[in-house]
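Work through the exercises below with the sequence and the coordinates at hand. Each task is followed by its solution.

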Amino acid sequence: MNLLMIHVTIYFVLIALILCSFCIKNGEKHKWIMFVREHLAVMAFLLAVNTVSFALSFKDTGQDYYIKRAPFYGQEKEYPFKTHIDGQEMTFELTVPPKKMKPKEADKKMEQAFSYLEENLKGENESLNKVNKPLDISLDYENYPFDIEVKPKDYSLIDEDGVLRNDREELLAAGFSEGEILSGISSSINIRLNYGELTKAKDFEITIFPKEDTDNELMLKEIKRLYQRKEKESEYEDGFFLPASYKNIDIKALDGKGIDPLVILVFGIIIAGLLIVKEFETKRTSAVREKQALLKAYPWFVNELVLLLGAGMQVRNVFALLIKDYENTAAGKTKLSKRKAEDEYRRPLLKELLHAKQDFDIGMSEGRIYYELGRRLKLPCYIKILTLLEQNVTKGSKGLVAVLEQEERTALEERMNLAKKSGEEAGTKLLGPMILLLIIVMLMIMVPAFMSFI
C-alpha cells in the first residue's frame with residue numbers, strides 16, 4: 001500500500017466516523033458513537049494532519065533539486081535520497097564537497113596568503129632580520145583554505161612549527177662560532193601552499209639570534225658551569241665535592257636518598273589532623289552507642305521497677321538488687337556467658353545505678369539522687385520516670401505502679417520501633433557492599449570485552 005492509499009483510507013475512516021456519529025439516531029446507545037462525539041476535536045486534528053501530510057507528498061514532485069555547496073573553507077556534506085525501482089524502495093547518499101575556487105581566484109588568494117605570512121611570520125619578534133622567538137606559521141583558514149608545507153633550510157635551527165633551537169649552548173654544540181652567534185645566523189624557511197593541483201612556494205629569509213635568557217635562567221647556567229668546572233677539575237680523582245649553595249642560593253641533590261623536611265612536616269600535620277578527627281569520631285560513636293544502649297535498656301528498667309515496686313520493695317532496694325549482678329561481674333564472681341548480649345547494653349545504665357547506690361550509702365537525700373540520676377542519663381524517657389520517683393518521695397506512692405505499667409507498655413512499643421529502625425539501617429548499610437560487588441562484576445564482564453577490541 002503506497003502513501004496515497006494510506007491518506008485516502010484515513011480520510012474515509014475519519015469522515016465516515018464523524019458523519020455516522022451525527023446521522024445515527026439513538027447514538028447514545030453505542031459506545032463508539034459516544035466516543036467519537038466526545039473526541040471530535042481529536043478527529044479534526046487528525047484530519048488536519050492528514051491533509052498537511054497529503055499536501056507534502058506532492059511537494060517537489062517532478063522538480064529538480066538545488067544543492068547549495070558549502071563555502072570553499074567549509075566541509076563536505078552528505079545528502080540522502082530515496083527512490084522506488086520496480087516497487088522496491090532504495091536509498092543512496094551524494095557527497096558534495098565544498099565550493100572550489102577557480103584557478104585565477106586561487107592564485108590571487110595564494111599571493112594574498114604569502115603577503116599575510118610576510119607580515120605575520122615574525123610573530124613576537126621585531127622583524128625577520130632579528131629572530132630569537134618562535135615564528136607564527138599560521139593562516140586564517142576561512143580566508144586562505146590552503147594546505148601548508150614548511151621546510152626549514154637548517155633543521156638544527158628551526159623546525160616545521162617555527163620553534164627555534166637558539167639556546168646559546170645548543171648553537172655552540174651545533175658548530176656555530178661565538179662571532180656568528182653574536183652577529184646573527186642567516187637561514188631561510190620555505191613555505192609551500194597547496195590547493196588541489198595548484199601549488200606555490202616562497203622562501204623567507206631570517207636571521208636567528210640566541211634566545212634572551214631571564215635572570216633566573218642566567219643564574220642557572222652560571223651554577224651549571226660552576227658544577228661542570230668542578231667536575232672537570234677532578235676528573236683524575238676518586239670523587240669531588242660540589243658546593244651546596246652559590247650566591248646565597250641553596251642547591252639540593254635529587255639523588256633519592258634524602259627526605260624533604262617539608263614533606264615530613266606536611267605528612268605529620270595530616271596525620272595529626274586525622275588522629276584528632278578519629279578521636280572526635282570515636283567519642284561521637286561512643287556517645288551514640290551509649291545512647292542506643294540506654295534506649296534498649298529502658299523497657300527492662302521500667303519492667304523491673306514495676307515488678308519489684310509492685311512486690312512492695314523500696315526504690316533504693318530496687319537499685320541495689322538491679323546492680324547486684326553487675327557488682328558480682330565486676331568482682332569476677334559470676335560469668336556473663338548466659339546473658340552477655342543483654343548485660344552489654346545494660347552496662348551504661350547499671351553504672352549509673354551503681355553511682356546512685358553510692359549516693360544512697362553516703363546519705364544523700366532520695367529526691368536529690370533521682371534528680372541527679374535523671375540529669376546524668378539525659379534521655380527524656382529516663383528523666384520522666386525518675387521525676388515520677390522524685391515526686392513519689394514527697395507525695396507518696398499512690399498510683400505510682402499504675403503509671404509505671406502504662407510507661408512500660410509505651411517503652412515496649414518504643415523498643416519495637418527501635419528494632420525496626422535498626423533493621424532498616426542494617427539493610428541500608430548493605431547497599432555499599434552490594435554496589436561494590438556489582439561494579440566488580442561489571443568490570444569482570446566489560447574489561448575483557450574492551451580488551452578484545454584493542
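**Exercise 1: a loop residue**

Lys378 sits in the loop that joins α12 (366-377) and α13 (380-395); helices are DSSP runs of H or I with at least four residues, numbered from the N terminus. This is a predicted model, in which local features need pLDDT of at least 70, side-chain atom pairs count only at pLDDT 80 or more, and totals for chains, interfaces and linings use all residues. Residues are numbered from 1 along each chain as its sequence is written, and side-chain values use heavy atoms, with hydrogens and water left out.

Task: Is Lys378 buried or exposed?

Solution. Buried means under 20% relative accessible area, exposed over 50%, and partly exposed in between (1.4 Å probe, protein chains only). Lys378 has 64% relative accessibility, so it counts as exposed. Next, the backbone: phi of Lys378 is near 70 degrees, a positive value in a residue other than glycine. Most residues other than glycine have a negative phi.

**Exercise 2: a buried acid**

Task: Which side chain of opposite charge is nearest to Asp359?

Solution. Start with the location: Asp359 belongs to helix α11 (residues 340-361). Lys and Arg count as positive, Asp and Glu as negative, while His and the chain ends are not counted. The nearest side chain of opposite charge is Arg376, 4.2 Å away. A salt bridge needs a side-chain nitrogen of Lys or Arg within 4 Å of a carboxyl oxygen of Asp or Glu. Asp359 is buried yet has no salt bridge. Finally, contacts (heavy atoms within 4.5 Å): leaving out residues up to four places away in sequence, Asp359 touches Met364, Ile369 and Arg376.

Notes
Helix = DSSP H or I, 4+ residues; strand = E, 2+ residues; numbered from the N terminus.
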